[in-house]
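Good morning, everyone, and thank you for making time for this. Please have the sequence and the model open side by side while I talk, and stop me if you lose the place.

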Amino acid sequence: MKTVRIAGQNVPQTAALAPMASVADTAYRTLCREHGACMTTGELISAKGLCYGSRGSAELCRITQAERPMGLQLFGSEPEFIAEATLRMLEYKPDWIDLNMGCPVPKVVGQGAGSALMKTPELAEQIVRAAVSAANGAVPITVKMRIGWDETSVNAAEFAKQMEAAGAETICVHGRTRTQFYGGKADWKAIAAVKQAVSVPVIGNGDVTCGADAMRMYAETGCDLVMVGRASYGNPWVFRDIACAADQIGR
């Protein structure tokens, strides 16, 4: 089976498990790995929470060997807190650190974090630079983003280029705007535009529910890896289905 290098890891070109707050906990991630997810990312962690010594935030940083390769996902809107939180995360030995620029929920967006950063690309760039500087080569820094704030401000390709220039080593794109939340249809053409705009690996996310969907996303977007989130609810076998589909076409 074909492998691809994502976030510093060599993984089969099948499908990764998406980070999902309050859903993809240790047990969920382990189960999905056992059923074929090629990599996992932890739940959303507040940079300020980690810096202020929140026990809950620290608990979310714990990684077991069965979940690896695994990254930890950080959110925040202040570069200084992102830098300090990155240093603290390194103590838990993640395989990479992912910066969340796609979460649509009001309590995150209201802080200027998550998908709100799609409206402030200069700040997003500062956040990536802060994390990259703090990590100092210890782990790759990646970004998970949406395609824009709303349908009138789809800026995914240009935004991704700025994140790459700031030092992001992998970009994951959920093919929806913030205002869509999880409704409507994911725009795979916008994911393809990001892939064409940057030279770092691109992960495609959105509306992949089976092996056939995954192969179609690979074909239509040119993405380096597919990521599955909600389609794994009660269905960890979706990863095995995607692996079988990849194997059948020699991917």
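I would like to begin with one pair of residues, lysine 144 and its bridge partner in β8, which is cysteine 172. Before I go on, let me say that this is a predicted model, and please keep that in mind throughout.

The strands that this pair belongs to, β7 and β8, run parallel and are joined over four bridges, and a second point where you can see them side by side is threonine 142, which stands opposite threonine 170 in β8. On its other side, β7 is joined to β6 by five bridges, again in the parallel sense, and there aspartate 98 is the residue that stands opposite threonine 142 in β7. If we step on once more, β6 pairs with strand β5, residues 70-75, over four parallel bridges, with glycine 71 placed opposite tryptophan 96 in β6.

As a general reminder, the strands of a sheet pair through backbone hydrogen bonds, and they may do so in a parallel or an antiparallel way. What is the order of the strands in this open sheet? There are eight of them, and reading across we find β3-β10-β9-β8-β7-β6-β5-β4, with parallel pairing. The edges are formed by β3 and β4, each of which pairs on one side only, and neighbouring strands of the sheet are turned against each other by 30 degrees on average, if direction is ignored.

Let me turn to the helices that pack against this sheet. Helix α9, residues 211-221, touches β9 (202-205) and β10 (225-228), and its direction makes about 140 degrees with that of β10. Helix α10, which covers residues 237-248, lies across β3 and β10 and runs at about 165 degrees to β3.

Now, are the residues of β7 and β8 buried or exposed? In β7, five of the five residues are buried, and the same count, five of five, holds for β8. In a regular strand, side chains alternate between the two faces of the sheet. In β7 you can follow this with Ile141, Val143 and Met145 on one side and Thr142 and Lys144 on the other, all of them buried. In β8, Thr170, Cys172 and His174 point one way while Ile171 and Val173 point the other way, and again all are buried.

That brings me to the empty space in the model. Rolling a probe the size of a water molecule over the atoms shows where such space is left. The count comes to one cavity of 30 Å³ or more, and the largest cavity has a volume of about 120 Å³. Its lining is made up of 18 residues, and those closest to its centre are Thr41, Trp96, Thr142, Ile203 and Met227, so you will recognise Thr142 from the β7 face that I described a moment ago. At least two lining residues come from each of β3 (15-17), β4 (40-46), β6 (96-101), β7 (141-145) and β8 (170-174), and by class the lining divides into 12 nonpolar, four polar and two charged residues.

The largest pocket, for its part, holds about 680 Å³ of space. It is lined by 35 residues, with Pro19, Met20, Ala21, Pro104 and Tyr182 nearest its centre, and the elements that give two or more residues to this lining are β4, β5, α5 (106-109) and β10. The lining of the pocket has 18 nonpolar, 10 polar and seven charged residues.

I will finish with two alanines in helices. Alanine 130 sits in helix α6, residues 121-135, and it counts as buried because its relative accessible area is 15%, where buried means under 20%. Apart from neighbours within four places in sequence, alanine 130 is in contact with Pro79 and Ala83.

Alanine 157 has its place in helix α7, residues 156-166, and it is classed as partly exposed because its relative accessible area is 25%, which falls between the 20% and 50% limits. With neighbours within four places again left aside, alanine 157 is in contact with Ala193, Val194 and Ala197, and its C-alpha atom is separated by 8.9 Å from that of alanine 192, 35 residues away along the chain.

Technical notes: Residues numbered from 1 in each chain as written. Predicted model: local features only at pLDDT ≥ 70, side-chain atom pairs only at ≥ 80, totals over all residues. Heavy atoms only, no water. 1 Å grid on protein atoms, 1.4 Å probe; cavity = no way out; pocket = protein on both sides within 12 Å on 5 of 7 lines; lining within 4 Å. Points joined across faces, edges and corners; volume = space filled by probe spheres on them. Nonpolar A, V, L, I, M, F, W, Y, C, P; charged D, E, K, R; others polar. Pairing = 2+ DSSP bridges. Axes fitted to C-alpha atoms, helices over the stretch in contact; angles between N-to-C directions. Contact = heavy atoms within 4.5 Å. Buried < 20%, exposed > 50% of the residue type's maximum accessible area, 1.4 Å probe, protein only.
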